[in-house]
There are 2 protein chains.
Amino acid sequence: MDALEAINTRRSIRKYTDQPVTDETVAKMLNAAMMAPSAGNQQPWHFVVIRDRKILDEIPTVHPYSSMLASAPLAILVCGDLKLQKNEGYWIQDCSAATQNLLLAAHALGLGAVWLGVFPLGERVVGLTRITELPEHVLPLALIAIGYPAEEKPQPERYDISRIHHDTW
Amino acid sequence: MDALEAINTRRSIRKYTDQPVTDETVAKMLNAAMMAPSAGNQQPWHFVVIRDRKILDEIPTVHPYSSMLASAPLAILVCGDLKLQKNEGYWIQDCSAATQNLLLAAHALGLGAVWLGVFPLGERVVGLTRITELPEHVLPLALIAIGYPAEEKPQPERYDISRIHHDTW
């Protein structure tokens, strides 16, 4: 799929078929995530690939918008390692760029995915840290539900010239 | 350019040719940025397209790593509008996803670009807010220097299985 087409047609997909997602496909998505730029090239990310049905079913008890996990074959928790960042706060931006790369790669590979916000909301951060047994220096940023799409969505129109300024505001 | 190829071959480009970047090409990059997902689809972003040579030359007085702007035909300041976010803190992730889309679109269009971190470093935030005359409810997240590339960089190897965990840490 063409790069601009992937960017422009990617949508949040919350319904999935039964088709399994191979480890090879997961590796391609994770590679794409790790190709993101990061402050000082610190690459402060970790990824928890969740396929365990028991864990997937427990997540909605700590995340109110994750009911689609019931039909998702897997989810990937994108985490930031505070020990790996040089400048405070940049891990959020680095891991967000990695998350966006992962979403685009999923779409380009024919999968559907949705970004579920976690950090900085306390209940979600604490709950996912417990469920996935993260160490203290690692924070969960975002959870991505992934599967082959069982819904289609049209390309949206989001271009808004009122958000564009020239030289100064 | 193929989507996965764009993701995997994008690099930070800091040297640019004299070739001008058309408004049409800038619009394609901004459209890509605005196609990013955002929390609650709030799209809390603004973009300041800076072509004014005087402004480009002033930025290095407030941002220590922006000397490449001397040869860049333009830069885009990605900003977050605090009035447009529902959940506190999500604007950073939303605008980071938009920034990553913009970088990928630039690369796919044959341009080179580099993400210069701004937020949350005080001097850079205050300086760029002053120089681009941002209102109080808008914060500069990242500055992207853009131009046709005058340097080539090989595809890096960043895949690191030690960053991948299964089901739990």
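The following dialogue discusses how to read the fold of one chain and the contact between two copies in a predicted model.

Trainee: Where should I begin: which helices and strands does chain A contain, and in what pattern?

Mentor: Begin by counting the elements, then read their order. Chain A of this predicted model has five helices and five strands. Along the sequence they follow the pattern α-α-β-α-β-α-β-α-β-β.

Trainee: How is the radius of gyration of chain A to be read?

Mentor: It is set beside the value that the globule rule gives for the length of the chain. For chain A the radius of gyration is 16 Å, close to the 15 Å given by the rule for 169 residues, so the chain is as compact as a globular protein of that length. Along the principal axes, its C-alpha atoms fill a box of roughly 50 × 40 × 30 Å.

Trainee: What share of the residues of chain A is buried, and what share of the contacts links residues 24 or more positions apart?

Mentor: Of the 169 residues, 51% count as buried; here a residue is buried if 20 or more other C-beta atoms lie within 10 Å of its own. Among contacts in chain A with a separation of 6 or more, 80% are between residues 24 or more positions apart.

Trainee: How are chain A and chain B related?

Mentor: Two copies of a chain are related by a rotation about an axis and a shift along it. Here a rotation of 180° with 0.0 Å of shift along its axis superposes chain A on chain B, with an RMSD of 0.0 Å. The copies are therefore related as by a two-fold rotation axis. In chain A, the C-alpha nearest the axis belongs to A:A3, 1.8 Å from it.

Trainee: How many residues does each chain bring to the contact, and which element of chain A gives the most?

Mentor: Chain A and chain B each bring 58 residues. In chain A, the elements that supply at least two residues each include α1 (3-9), α2 (23-34) and β1 (45-50). The most comes from α4(A), with twelve residues. By type, the side of chain A that touches chain B has 33 nonpolar, 17 polar and eight charged residues.

Trainee: Why may one say that the copies meet through the same surface?

Mentor: One compares the interface residues of the two chains. In this case 100% of those of chain A are also interface residues in chain B, so the surface is the same.

Trainee: Which strands pair across the contact?

Mentor: Strand β5(A) is joined by three bridges to β1 (residues 45-50) of chain B, and the two run parallel. Within β1(B), B:F47 stands opposite A:I164.

Methods. Residues are numbered from 1 along each chain as its sequence is written. Chains are lettered from A and ligands numbered from 1 in the order in which they are written. This is a predicted model: local features need pLDDT of at least 70, side-chain atom pairs count only at pLDDT 80 or more; totals for chains, interfaces and linings use all residues. Two residues are in contact if their C-beta atoms, placed from the backbone, lie within 7 Å. Helices (H or I, at least four residues) and strands (E, at least two) are DSSP runs, numbered from the N terminus. Ala, Val, Leu, Ile, Met, Phe, Trp, Tyr, Cys and Pro count as nonpolar, Asp, Glu, Lys and Arg as charged, and the others, Gly among them, as polar. Two strands pair if DSSP finds at least two bridges between them. Copies are superposed by least squares on the C-alpha atoms of residues with pLDDT of at least 70 in both. The radius of gyration is taken over C-alpha atoms; the globule rule is 2.2 Å times the number of residues to the power 0.38. A residue is buried if 20 or more other C-beta atoms lie within 10 Å of its own, exposed if 12 or fewer, and partly exposed in between; C-beta atoms are placed from the backbone.
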